[in-house]
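Here are a few exercises on side-chain contacts, each with a worked solution. Have a look at the model first, then follow the steps.

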Amino acid sequence: MDECLDHHQHTLFIWEGVSYYLDPKSVDKTLAFIARGPSPDSVIVFDYGIRITARNIDFHYGVKALHRFWTRHRVNEPIRFSIEEGEIASFLEEGGLRVVEHLDNKQIEHAFLTREDGSLIGRPNGIFRIVKASPTPN
């Protein structure tokens, strides 16, 4: 893939609906690729899920219902990757990336699912987050 990119051009990587299903090593490899090139001004935008446990499952909108659905109907599609709430910046920093923008589920709701009159089109599940990151400057 590296030879397919022009290292003199800024690149936008959109990585949507993927990280959940990958093992952590694959996520790390993908993010490491972004961190070391193609251009220091490149950007990745991706969604991820926060880690849900028995202790916090009741605190996030729709998570309990999603968990029930997934265990009944998606047995062969396990969620393999998630990040502890509030740990995305340090996680990305370890891989050579920095957070440019981060949206939690409430911010996603406000930015994308709220009409001009304030009414909601819908609500995102409480585990979903979106992050925009760039390579850390040398």
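## Exercises on rings and charges

At 38% relative accessibility, arginine 123 counts as partly exposed (buried means under 20% relative accessible area, exposed over 50%, partly exposed in between, with a 1.4 Å probe and protein chains only). This is a predicted model, in which local features need pLDDT of at least 70 and side-chain atom pairs count only at pLDDT 80 or more, while totals for chains, interfaces and linings use all residues. Residues are numbered from 1 along each chain as its sequence is written, and side-chain values use heavy atoms, with hydrogens and water left out.

**Exercise 1.** Find the partners of arginine 123, a ring and a carboxylate.

*Solution.*
- Step 1: take the ring. Arginine 123 lies over the face of tyrosine 61, 3.8 Å from the ring centre. The criterion for a charge over a ring is NZ of Lys or CZ of Arg within 6 Å of the ring centre and within 35 degrees of the ring normal.
- Step 2: take the acid. Arginine 123 forms a salt bridge with glutamate 109, and their closest N and O atoms are 3.2 Å apart. A salt bridge here is a side-chain nitrogen of Lys or Arg within 4 Å of a carboxyl oxygen of Asp or Glu.
- Step 3: place the pair. Glutamate 109 belongs to helix H4 (residues 105-112) and arginine 123 to the loop between H4 and E4, 14 residues apart. Helices (H or I, at least four residues) and strands (E, at least two) are DSSP runs, numbered from the N terminus.
- Step 4: check the burial. Glutamate 109 is buried, at a relative accessible area of 12%.

**Exercise 2.** How many salt bridges does the rule give, and where do glutamate 85 and arginine 129 lie?

*Solution.*
- Step 1: the count comes to five salt bridges.
- Step 2: one of them joins glutamate 85 and arginine 129, with 2.7 Å between the closest N and O atoms.
- Step 3: glutamate 85 lies in the loop between helix H2 (63-73) and helix H3 (88-94) and arginine 129 in strand E4, so this salt bridge ties together parts that are 44 residues apart in sequence.
- Step 4: glutamate 85 is partly exposed, with a relative accessible area of 42%, whereas arginine 129 is buried at 2%.

**Exercise 3.** Which ring does the charged end of arginine 74 sit over?

*Solution.*
- Step 1: the ring is that of tryptophan 70, whose centre is 5.7 Å from the charged end of arginine 74.
- Step 2: arginine 74 also meets glutamate 77 in a salt bridge (3.7 Å, N to O).
- Step 3: arginine 74 is partly exposed at 32% relative accessibility, and glutamate 77 is partly exposed at 33%.

**Exercise 4.** Classify the ring pair of tyrosine 20 and phenylalanine 128.

*Solution.*
- Step 1: recall the rule. Rings of Phe, Tyr and Trp (its six-membered ring) pair if their centres lie within 6.5 Å; planes under 30 degrees apart count as stacked, over 60 as edge-to-face and the rest as tilted. This gives eight aromatic pairs.
- Step 2: apply it. Tyrosine 20 and phenylalanine 128 are 5.8 Å apart, centre to centre, with 90° between the planes, an edge-to-face pair.
- Step 3: tyrosine 20 lies in the loop between strand E1 (12-15) and helix H1 (24-35) and phenylalanine 128 in strand E4 (residues 128-135), so the pair ties together parts that are 108 residues apart in sequence.
- Step 4: widen the view. Tyr20, Tyr21, Phe69, Trp70 and Phe128 form one aromatic cluster.
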